[in-house]
Amino acid sequence: MSDALEVAVLVLTIGIAAYSVMINLSFLVLTGFAMGDLAGYRRRLEYAGYDQWFLDPNSRGVSVLMPAHNESATIVQSVQAMISLRYPDFEVVVIDDGSTDDTREKLIREFDMAPVPLVPSGDIELEGVVEQTYVSRRGAHNLALVAKTNGGKADALNAGINYSRKELVCMVDADSLLDPQALLNVARPFADNPGRVVAAGGVVRVANGSRVERGRVTSLRMPGRLLARIAVVEYLRAFLIGRAGWSRLGGLLIISGAFGIFRKDVLQAVGGMSVNSIGEDAELVVRIHRMLGDLEQEGDVVFVPEPVAWTEVPETRAVLRKQRRRWHRGLAEIFLRHRSMLFRPRYGVIGMVTMPWFLFFELLAPAVEVFGLLWFLFLLLLLLTENWYPQLDLVNPEVVVLLLAASVLFAVFVTLVALLAEELSFRRYRGLRDLFRAVWAAVEENLGYRQLNAFWRLGGLVEALRGTRHDWGEMTRKGFDE
């Protein structure tokens, strides 16, 4: 083998190994911050006083926005859960974004809704046209329906912001189910520090396989399907480690579109949701950080680990591939749009730490992971065919196997830490059987799924760089088990 090829083998191998070490070390640091954040949150719960706050007539009102497009399978259960939330002053606004199924008809029939000409309180420009507004004649009349032509999820949320009447706006997916205490918990940072907190996000967890009664998860179970089972540990790791750690550092970049709450005046100041971004929820948070930095104003975006929104995750490979490709394309578009925030001190932790980390260890990770996998397969091929290059002493089989094993073991370790945090803090999974299945899912994730997911995410990155037409894809839902 030529000296040049030997050097290339050495440099690439060391480079991939160094990248793996850096990303693992950064996750280790993030895990430490996350555990500190969770421990602090658990201590504060003893003095939270939610019962007294629930009775406080001066609590800040919340408008819960639920964009819906062809959500017939889950819409009634989701709305039932929303209108029965435990909070002193809130309303639920469902935005039917041009559904072609019976989503709108189900809502009107199930909740006895009558057409009422509601007057919008905001002036965010819409792509679609509002056709009719409805109000439920049941209970405290805190349920409204805005029926509009199709304009996409972001446009539906903008319509909801316009028709919302409360000081805070909570955005949830129409297929989400909230725990009864969710609003009390996620809105608490706005009461504790009203002049500084601009947005807050809660935990999103997997409801597949669990029992649901009247819009409530009454019996939590680990899903039986492989992809849903892996999603459980993915979501735990993403929220209890990732979001909690970044929140502790003051650099939270993402609030899930499935469950997030914002000050309405801030939403209006940034012009609402971006209708031409495929990752509109994350892009909104980045735009808020950008506005605060440009205006030299202080504001916190925080994560609250206790509020729980339950969602249905994909159970088929085709739907999951579209979801993950879409998520990563959305992240890539955010960096293309807001790249000027990178390494800018005026944006604080977001510009100097969070965005560079997401660029190198999140956005580019699938490219490095796919190339690294192919590279190590190439090295193994060289080792198995030593007659080709018998003089290649730089490739040590023990080192190659050790690097691959270390990468897998560390990924399993971080997931197990998230499971431990869940078990010590909230303990939603009660039986040993479900706990063992969750632990095994942490191992299953690395046996083909993680590598396949990297290929899907790489596809989303390539699409963003090429600027091809957006494809949101269809999320086929079967509904929750009653």
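**A tour from the surface to the core**

Valine 349 sits in helix 12, so select that residue to get going. Keep in mind that you are looking at a predicted model. Is valine 349 buried, exposed or partly exposed? Its relative accessibility is 30%, so valine 349 counts as partly exposed.

Now add Val29, Phe33, Leu249, Phe343, Met352, Val353, Phe360 and Leu364 to your selection. Together with Val349 they make up a nonpolar patch on the surface, with about 700 Å² of accessible area. Helix 1 (3-45) and helix 12 (348-363) each give two or more residues to this patch. Which of the elements gives the largest share? That's helix 12, with four residues.

Next, head for strand 6 (residues 168-172), where five of the five residues are buried. On one side you'll find Leu168, Cys170 and Val172, and on the other Val169 and Met171. That fits a broader pattern: in a regular strand, side chains alternate between the two faces of the sheet.

Show the strands that pair with strand 6. Strand 1 (residues 62-68) runs parallel to strand 6, joined by four bridges; look for leucine 65, whose bridge partner is methionine 171. Strand 11 (residues 259-263) pairs with strand 6 in the antiparallel sense over five bridges, and there phenylalanine 259 stands opposite valine 172.

Last stop: the largest nonpolar core, which has 128 residues, with Val64 and Val94 making the most contacts inside it. Helix 8 (residues 226-249) gives the most to this core, eleven residues. Zoom in on valine 94: among its contacts further along the sequence than four places are Met66, Ile75, Leu107 and Val146. In soluble globular proteins, nonpolar side chains tend to be buried together.

Key:
Residues are numbered from 1 along each chain as its sequence is written. This is a predicted model: local features need pLDDT of at least 70, side-chain atom pairs count only at pLDDT 80 or more; totals for chains, interfaces and linings use all residues. Side-chain values use heavy atoms; hydrogens and water are left out. A nonpolar core is a set of buried Ala, Val, Leu, Ile, Met, Phe, Trp, Tyr and Cys residues joined through side-chain atoms within 4.5 Å. Buried means under 20% relative accessible area, exposed over 50%, partly exposed in between (1.4 Å probe, protein chains only). Contact means heavy atoms within 4.5 Å. Patches are made of residues with over 30% relative accessible area and no salt bridge: like charges are joined within 9 Å, nonpolar side chains (Val, Leu, Ile, Met, Phe, Trp, Tyr) within 5 Å. Accessible areas come from the Shrake-Rupley method with a 1.4 Å probe; for residues, only the protein chains shown count as cover. A salt bridge is a side-chain nitrogen of Lys or Arg within 4 Å of a carboxyl oxygen of Asp or Glu. Two strands pair if DSSP finds at least two bridges between them.
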